[in-house]
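Here are some short exercises to work through with the model open in your viewer. Try each task before reading its solution.

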Amino acid sequence: DLLIGAALLALIIFLLISSIVLLSVRFELFVSPSSVTATTFDAVGVEGILKSSVRPTSIIIRYGTNNVTKLVDKDGFYYQEARIVLRDSLSDITGISEIPEEEYRETKISKSIQLDFEPAVNQRLLYGSLFLEDGSFGDFENIREVLMPLANDTSIYIMTSDGKFFRINNKAINYMPYVDNLSKQKYAKYYSLEELFDSSSDVLISDGAISIPGYITASPFNEENSGPVSRSVFSSRYDFANRIQELDGTTITSNDYGRELLKISPDGRVLYSNTDALSNPVKTSMTSSLVIAYLFLDKFNLNNDVYTVEDVRDFTENGTNGYTFLLAPRIDGLRACLKNEDINTEISVVNGRVYSFSGLFRTYDESTEESSEAADEYVFSALDVLNINYDSIKSLVGFKDSIELFDRISLIDVVYVYDDELNYVPAYKMIIGGKIFYFSTLSGEVF
């Protein structure tokens, strides 16, 4: 028995070591060895970063005609299951073809799960987040929707940001047990504007108001932690850096005659630049650059908010190539938006190093929740805010009647918006006639 026990222990140890080696080999596909000169990567940490870097804005589940729900995937639970199915499908593509919009809409009627990305997700970024080698769905860049039928269809469907539709064929029928489990529970019903008002828009709207709390926020930076935060950025260079505190409380840390500079403002805004990153060219993949960006972002993310990448752009300066990532936080699963569509966080990575960074950071906790015992009495539905602001919208967009207003709606989403004091206010984001509107769910007013 002792010999058998010893043999089993040895086998377990061997399998554990083998799994660690395989995991390390796996991540060499995504993190180029050359970039390790700038940052040391932990395999498990890389996996977490890539998994969380892309999340849909909302998830729509259809169990059939007039039986639809729209989820705020607070913990990314449903997307992680959809992500596995999506990865398996894209690993085994048997064909891809462009299809007419009518076929795409007909497929939506069946039992399915739809991943909405607003703004549209870059397909290179989506491939990286799925741990797939460089590939392509087709001759397009950004994906607005991913539709996965869950019955009698082995295909996955794509709607691009420019309104094209594609069917991706694979061998297996998509299956998600958590979606089936949800059908047995109580969930909010959603209806399309087409169903409710005979509109040409298939945008979904809830059958009632959505009660979501607002949060009073504050800057996460103060006299006690601004020094350690700056030290984490400059590392050993911090001891030789120049440090200035301005009258308004802004701290400025610079090194090497200003070639590397960090500015932390009292309202939580951060600016960083390092022109030395343009020297010593090193080839770094997009995925490893993304990991570097997230590790740098975490130095300031004292609230441990979830950040998702909303766009990735090629960066070129003085003959040096890299990547610029645009990110935004998710608060309770909802996208946090700045008014006027300003960028929340922007990071440029070249040669395996951060070249520039700008971001806005706010902290909050449950005790700062702005709510009321009579929440149901003042939370406005999407139809309420359209009715309240009808004349204002009409003057900006121009339409004949309510039906034409519904026809021109291409998006209704629940988000958080920063108000003038940078607090988180729950709001409906609507795109009407190509114009973006934010309406507070608490007051019904437009921002």
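**Exercise 1. A ring pair**

Does Phe296 count as buried or exposed, and at what relative accessibility?

Before solving it, some ground rules. This is a predicted model, with residues numbered from 1 along each chain as its sequence is written. Local features need pLDDT of at least 70, side-chain atom pairs count only at pLDDT 80 or more, totals for chains, interfaces and linings use all residues, and side-chain values use heavy atoms, with hydrogens and water left out.

Step 1: apply the cut-offs, where buried means under 20% relative accessible area, exposed over 50%, and partly exposed in between (1.4 Å probe, protein chains only). At 8% relative accessibility, Phe296 is buried.

Step 2: check the partner ring. Tyr272 is buried too, with a relative accessible area of 6%.

Step 3: classify the geometry. Rings of Phe, Tyr and Trp (its six-membered ring) pair if their centres lie within 6.5 Å; planes under 30 degrees apart are stacked, over 60 edge-to-face, and the rest tilted. The centres of Tyr272 and Phe296 are 4.9 Å apart and the planes sit at 45°, so this pair is tilted.

Step 4: locate both ends. Helices (H or I, at least four residues) and strands (E, at least two) are DSSP runs, numbered from the N terminus. Tyr272 belongs to strand β14 (residues 269-274) and Phe296 to helix α9, so to speak two distant parts of the chain, 24 residues apart. Both rings also belong to an aromatic cluster with Phe221, Phe300, Tyr307, Phe357 and Phe361.

**Exercise 2. The cores**

Which residues touch the most other members of the largest nonpolar core?

Step 1: define the set. A nonpolar core is a set of buried Ala, Val, Leu, Ile, Met, Phe, Trp, Tyr and Cys residues joined through side-chain atoms within 4.5 Å.

Step 2: read off the hubs. The largest core has 66 residues, and Ile113, Leu115, Val146, Met148, Phe300, Phe325 and Phe357 touch the most other members. Helix α9 (residues 286-297) gives the most to this core, with 8 residues.

Step 3: zoom in on one hub. Leaving out residues up to four places away in sequence, Phe325 touches several residues, including Met286, Leu290, Val309 and Ile347. Contact here means heavy atoms within 4.5 Å.

Step 4: look elsewhere. Another core, apart from this one, has 37 residues, among them Tyr190, Leu338, Leu405 and Ile409.

As background, nonpolar side chains tend to be buried together in soluble globular proteins.

**Exercise 3. Two salt bridges**

Where do Glu118 and Lys429 lie, and how many residues apart are they in sequence?

Step 1: confirm the bridge. The rule asks for a side-chain nitrogen of Lys or Arg within 4 Å of a carboxyl oxygen of Asp or Glu. The side chains of Glu118 and Lys429 meet at 2.8 Å, N to O.

Step 2: place the partners. Glu118 is in strand β4 (residues 112-122) and Lys429 in strand β22 (residues 424-432), so the bridge ties together parts 311 residues apart in sequence.

Step 3: check burial. Glu118 is buried at 13% relative accessible area, and Lys429 is buried at 1%.

Step 4: now try Glu101 and Arg105, whose side chains form a salt bridge at 3.1 Å, N to O. Both sit in helix α4 (residues 101-109), 4 residues apart, about one turn of the helix. Glu101 is partly exposed at 37%, and Arg105 is partly exposed at 28%.

Step 5: count. The rule gives 17 salt bridges.

**Exercise 4. Backbone oddities**

Which peptide bond is cis, with omega near 10°?

Step 1: recall the background. Most residues other than glycine have a negative phi, and most peptide bonds are trans.

Step 2: find the cis bond. It runs from Glu118 to Pro119, and Pro119 lies in strand β4.

Step 3: look for positive phi. Tyr257, not a glycine, has a phi of about 55°. Tyr257 is in the loop between β12 (251-255) and β13 (260-264) and is exposed, at 81% relative accessibility.

Step 4: add Glu341, with a positive phi near 60°. Glu341 sits in the loop between β17 (334-337) and β18 (345-350) and is partly exposed, with a relative accessible area of 34%.

**Exercise 5. The whole chain**

How many helices and strands are there in the protein chain?

Step 1: count the elements. The chain has 13 helices and 23 strands.

Step 2: get the burial. Of the 447 residues, 50% are buried.

Step 3: check contact range. Among contacts between residues at least 6 apart in sequence, 62% join residues at least 24 apart.
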